[in-house]
Amino acid sequence: MGKIIISKFRTARLTNAAHKQFHEEFLEKLQTSDAVKQKLAVQLANYVQVLQKEDTYYKLTERSVFTEKIHSACSLCGNVYGAMRATIYYKKKMADTEEVKDAATRLIYFLDSHRIARVNKYIRKLSLFKSLADDILAQYSEEMEVLGIREEVTSLKNLSTDMQTLIGVRTAERQSIPPQALKKARQDVDTCYKNIVEVINAYSVLSEEENEFTDVIEYENAQIRRYMKVELKKTVTESTEPSDSGNGNGNDSGSDNGTGDGSGTGSGSGDGAGTDNGSSDGSDTGSGSGDGSGTDSGSGDGSDTGSGSGDGSGTDSGSGGTSTDDDSPFHP
């Protein structure tokens, strides 16, 4: 029975949220292993440090607590504005003097000129709420006193000022993030992860007695299969290995398939026909030869090479693509 090792897995393909969760789960498992803490203490400490850095930048680039406060202040400003407008309309409708009616009419025209109800963006709303309160206090103070809405106007001015302060704090918070900071932090985490996996695999291969990393290896392989299936939407087998290879030959026909995360190699030869297929995340090489005809194809995420030769006719095709990493450094 061969030595079990952690399968190869490109964590860079995960989204920001999935990437962070994947490494946090693996780190939690590593911290429960005495063998890891004894033999990989330095690598484990580095892993913790870079993961904390990624977590910091991830939270800064996501919605901040100040973002929620800004929208809350904007909502309160809208409520106060609505209450003030309703009061003015009520006073106009129920006015018992021409002075009250005229004051309400002038303020209604003034409010309508701002068209706040048509504005959806909170930054523009802030400007309108703030200028509205300032203009009423400066130009319509008499009408304000006649209608008794000083409390609403003052509250609107205070809330809009608080909202402006919160926007300034959030802007400074976003400016504190260095360019491409989250992307660089992800790369550092991935590097530490690869180093830890390589060391664990080396101990596993070289161990002559019982493998003390078996529990960690089995957990990580199960985690990789889960993320490949759920996050990357890829079909995985129950046992994921770094590489697979196979050979087939016969007088009539030969066929072979190789699948693996690392590389797949297969060859087929026969007097009648040879068919070979290889697929992998890394690279694939396939060849077929026969007296009659040879057909060969290879496909993979990285690169593919295929060749076919025969006395009669030879057909060869190779297709390979590039994998797309969902590594967006920032979210709105």
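**Exercise 1. The Phe9 and Phe22 pair**

Are Phe9 and Phe22 buried or exposed? Decide this, and then classify the geometry of their rings.

*Solution.* The model is predicted, so local features need pLDDT of at least 70 and side-chain atom pairs count only at pLDDT 80 or more, while totals for chains, interfaces and linings use all residues. Residues are numbered from 1 along each chain as its sequence is written, and side-chain values use heavy atoms, with hydrogens and water left out.

Step 1: fix the classes of accessibility, in which buried means under 20% relative accessible area, exposed means over 50%, and partly exposed covers what lies in between (1.4 Å probe, protein chains only). Phe9 is buried, and Phe22 is buried as well; for Phe22 the relative accessible area is 0%.

Step 2: apply the ring criterion, under which rings of Phe, Tyr and Trp (its six-membered ring) pair if their centres lie within 6.5 Å, with planes under 30 degrees apart counted as stacked, over 60 as edge-to-face and the rest as tilted. The ring centres of Phe9 and Phe22 are 5.4 Å apart and the planes stand at 45 degrees, so this pair is tilted.

Step 3: place the partners in the chain, where helices (H or I, at least four residues) and strands (E, at least two) are DSSP runs numbered from the N terminus. Phe9 belongs to the segment before H1 and Phe22 to helix H1, 13 residues apart, and the pair thus links distant parts of the chain.

**Exercise 2. From pair to cluster**

Which residues form one aromatic cluster? Begin with the pair of Phe22 and Tyr193, and extend the picture from there.

*Solution.* Step 1: Phe22 and Tyr193 form an edge-to-face pair, with 5.6 Å from centre to centre and 70 degrees between the planes. This pair, too, links distant parts of the chain, since Phe22 sits in helix H1 and Tyr193 in helix H9, 171 residues apart.

Step 2: Tyr193 counts as buried at 2% relative accessibility. Leaving aside residues up to four places away in sequence, its contacts (heavy atoms within 4.5 Å) include Ile6, Phe9, Phe22, Phe26, Tyr47 and Ile224.

Step 3: the cluster consists of Phe9, Phe22, Phe26, Tyr47, Tyr193 and Tyr227, and a search of the whole structure finds eight aromatic pairs.

**Exercise 3. The nonpolar cores**

Which residues touch the most other members of the largest nonpolar core? Identify them, and then determine which helices contribute.

*Solution.* Step 1: a nonpolar core is a set of buried Ala, Val, Leu, Ile, Met, Phe, Trp, Tyr and Cys residues joined through side-chain atoms within 4.5 Å. The largest such core has 28 residues, of which Phe9, Leu30, Tyr47, Tyr193 and Ile200 touch the most other members.

Step 2: at least two residues of this core are supplied by each of helices H1 (16-30), H2 (34-39), H3 (41-61), H9 (181-206) and H10 (214-230), and the largest share, six residues, comes from H9.

Step 3: apart from this core lies another, of 25 residues, among them Cys77, Met84, Ile116 and Leu132.

**Exercise 4. Cysteines**

How many disulfides does the count come to? Apply the criterion, and then examine Cys77.

*Solution.* Step 1: with a disulfide taken as a pair of cysteine sulfur atoms within 2.5 Å, the count comes to zero.

Step 2: Cys77 is in no disulfide, and the nearest cysteine sulfur, that of Cys74, is 6.5 Å away. Cys77 counts as buried at 0% relative accessibility, and Cys192 counts as buried at 13%.

**Exercise 5. Salt bridges**

Where in the chain do Lys20 and Asp55 lie? Locate them, and then treat the salt bridges within helices H6 and H9.

*Solution.* Step 1: a salt bridge is a side-chain nitrogen of Lys or Arg within 4 Å of a carboxyl oxygen of Asp or Glu, and by this rule the count comes to twelve.

Step 2: the side chains of Lys20 and Asp55 meet in a salt bridge at 3.1 Å, N to O. Lys20 lies in helix H1 and Asp55 in helix H3, 35 residues apart; Lys20 is buried at 14% relative accessible area, and Asp55 counts as buried at 16%. Lys20, Glu24 and Asp55 are linked in a network of salt bridges.

Step 3: in the salt bridge of Lys130 with Asp134 the N to O distance is 3.8 Å, and both residues lie in helix H6 (residues 122-139), four residues apart, about one turn of the helix. Lys130 is partly exposed at 25%, and Asp134 counts as partly exposed at 26%.

Step 4: Lys184 forms a salt bridge with Asp188, the closest N and O atoms being 3.0 Å apart, and both residues lie in helix H9, four residues apart. Lys184 is partly exposed at 45%, and Asp188 is partly exposed at 23%.
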